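Hello,

Here is the structure for you to look over. My notes follow below it.

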Amino acid sequence: MDLAPILAAAGVPLVGWSTHSTWLYRRLATARRDPLTGLHTRDGFTIRAEHLIRSHPARTAVLFIDLDDFKAVNDTHGHAAGDAVLAATAARISVWCGAHGLAARLGGDEFAAVVLDATAERLEALSTALLKPVSHLHGLPPVGASVGHCHLAELPVPSLTDALAAADRDMYSHKPDGRTSRRR
């Protein structure tokens, strides 16, 4: 009995299933990335951030970053300039996070990051990087950034939800009158 036709027929569904699985995996990975910035979305960030927190709770810090007066960029310079500011901010946060952290765009002009060993000097370096002007066509959109952070070791129970809430509160404490604290 010749088994070649039977094996070939059995292989066709296997190839189809493998191709579909690869396609589906790529679609899910794409859905967990913000198309403008390339950063993780909230879902993709949450999964990876919780893993990092579980692995290194004593060394982990969570940051919440908000662009100040971002609406004015879109209103004054147009949405292309706003997109340029978001993309530049995302790139700066991502570079700052390096290999031992991750960054996300939570929505609009809000970003988050989880990093290991966030010293005061490292946090200052991020603030400095975010203050650099963003060039776009003929103008430099003026946008400020407020950064809040929370070291997981400071929480009674190290959880991403509580750390994000604490970092958000800290971020607002850097905004005089709840508004801009730093300008680019």
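**What the model shows**

The protein chain contains six helices and four strands. This is a predicted model, so its confidence values are given further down. Along the sequence, the elements run α-α-β-α-α-β-β-α-β-α.

Of the 184 residues in the protein chain, 39% are buried. Among contacts with a separation of 6 or more, 71% are between residues 24 or more positions apart. The exposed area of the protein chain is about 10400 Å², and 60% of it comes from carbon and sulfur atoms.

One residue in a loop may be worth opening in your viewer. His136 sits in the loop that links α5 (120-130) and β4 (144-151). His136 has a relative accessible area of 18% and therefore counts as buried, the cut-off being under 20%. Its C-alpha atom is 9.2 Å from that of Gly82, although His136 and Gly82 are 54 residues apart along the chain.

On confidence, the mean pLDDT of the protein chain is 84, and 78% of the residues score at least 70. Strand β3 (residues 110-116) has the highest confidence, at 97, and helix α1 (residues 4-31) the lowest, at a mean of 57. In residues 23-29 the pLDDT falls below 50, and this stretch has zero contacts beyond near neighbours in sequence. Residues 180-184 also have a pLDDT below 50, but that stretch has 32 contacts beyond near neighbours in sequence. Predicted coordinates should not be read in detail where pLDDT is low.

Regards

Methods. Residues numbered from 1 in each chain as written. Predicted model: local features only at pLDDT ≥ 70, side-chain atom pairs only at ≥ 80, totals over all residues. Heavy atoms only, no water. Helix = DSSP H or I, 4+ residues; strand = E, 2+ residues; numbered from the N terminus. Buried < 20%, exposed > 50% of the residue type's maximum accessible area, 1.4 Å probe, protein only. Contact = heavy atoms within 4.5 Å. Areas by Shrake-Rupley, 256 points an atom, 1.4 Å probe, with all protein chains shown as cover. pLDDT = per-residue confidence, 0-100.
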